[in-house]
Amino acid sequence: MKKVLINFRADPKLISSFDKTCKVFNLDRTKMITYLIRKHVQENSDKVRAYKTAQEPKILGTSIQDREKFFNYQHQHQYW
């Protein structure tokens, strides 16, 4: 799997505490951050899926009226 380098700013006290936590778990920063990101993604996957579903465009019906409405078709002439 391809890896991507990320940089971000954080409070030095937070980083110090984070480093102590990593030491207790015998993990380096990268492994711990990767673990935490993966855990966050897994825990929130249902919310993300629901959001994606809500953002999908609604599928119009297949009737002639639905198609005319979709294409903004307006009857110009009466043929009969």
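**Four helices and their contacts: group meeting talk**

Let me start with one residue, Ser45, which at a relative accessibility of 25% counts as partly exposed. Ser45 sits in helix α3, a helix that covers residues 45-55, and its side chain reaches back to the backbone oxygen of Gln42 at 3.2 Å. Everything I say this morning rests on a predicted model, and I will come back to its confidence at the end.

Now to the chain as a whole. From the N terminus the order of elements is α-α-α-α, which is to say that there are 4 helices and 0 strands. Of the 80 residues in the chain, 5% are buried. The accessible surface comes to about 8700 Å², and carbon and sulfur atoms account for 58% of that area.

Let me take the helices in turn, beginning with α1, which runs over residues 12-25. At 1.5 Å a residue its 14 residues should span 20 Å, and the C-alpha atoms at its ends are indeed 20 Å apart, so the length agrees with expectation. At its N-terminal end α1 is capped by Asp11, where a side-chain oxygen lies 2.7 Å from the backbone nitrogen of Lys13.

What follows α1? The residue is Asn26, whose phi is positive. That phi is near 55 degrees, and I mention it since Asn26 is a residue other than glycine. Asn26 belongs to the loop between α1 and α2, and with a relative accessible area of 70% it is exposed, because the cut-off for that word is over 50%.

Beyond this loop comes α2, with 15 residues, which reaches 21 Å from its first C-alpha to its last, close to the 21 Å expected at 1.5 Å a residue. At the start of α2 we find Asp28, and one of its side-chain oxygens reaches to within 3.2 Å of the backbone nitrogen of Thr30.

How are α1 and α2 linked through charged side chains? Arg29 forms a salt bridge with Asp19, and the closest N and O atoms of the pair are 2.7 Å apart. This pair links distant parts of the chain, with Arg29 in helix α2 (residues 29-43) and Asp19 in helix α1, 10 residues apart. As general background, side chains of opposite charge can pair when their charged atoms come close. Are these two partners buried or exposed? Arg29 is partly exposed, with a relative accessible area of 43%, and Asp19 is also partly exposed, at 30%. For the whole model the count comes to 1 salt bridge.

On the surface there is also a nonpolar patch of about 520 Å², to which Val4, Ile6, Phe8, Ile37 and Val41 contribute. Of these residues, Val41 is found in helix α2.

Let me finish, as promised, with confidence. The mean pLDDT of the chain is 82, and 76% of the residues reach 70 or more. Among the elements, α1 has the highest mean pLDDT, at 96, whereas helix α4, which covers residues 64-70, has the lowest, at 70. Where pLDDT is low, the predicted coordinates should not be read in detail.

Technical notes
Residues are numbered from 1 along each chain as its sequence is written. Side-chain values use heavy atoms; hydrogens and water are left out. Helices (H or I, at least four residues) and strands (E, at least two) are DSSP runs, numbered from the N terminus. Buried means under 20% relative accessible area, exposed over 50%, partly exposed in between (1.4 Å probe, protein chains only). Accessible areas come from the Shrake-Rupley method with a 1.4 Å probe; for residues, only the protein chains shown count as cover. A salt bridge is a side-chain nitrogen of Lys or Arg within 4 Å of a carboxyl oxygen of Asp or Glu. The expected span of a helix is 1.5 Å times one less than its number of residues. A polar contact is a pair of N or O atoms within 3.5 Å; within protein, one must be able to donate a hydrogen and the other to accept it, and residues adjacent in sequence count only if both atoms are side-chain atoms. Patches are made of residues with over 30% relative accessible area and no salt bridge: like charges are joined within 9 Å, nonpolar side chains (Val, Leu, Ile, Met, Phe, Trp, Tyr) within 5 Å. pLDDT is the predictor's confidence in each residue, from 0 to 100.
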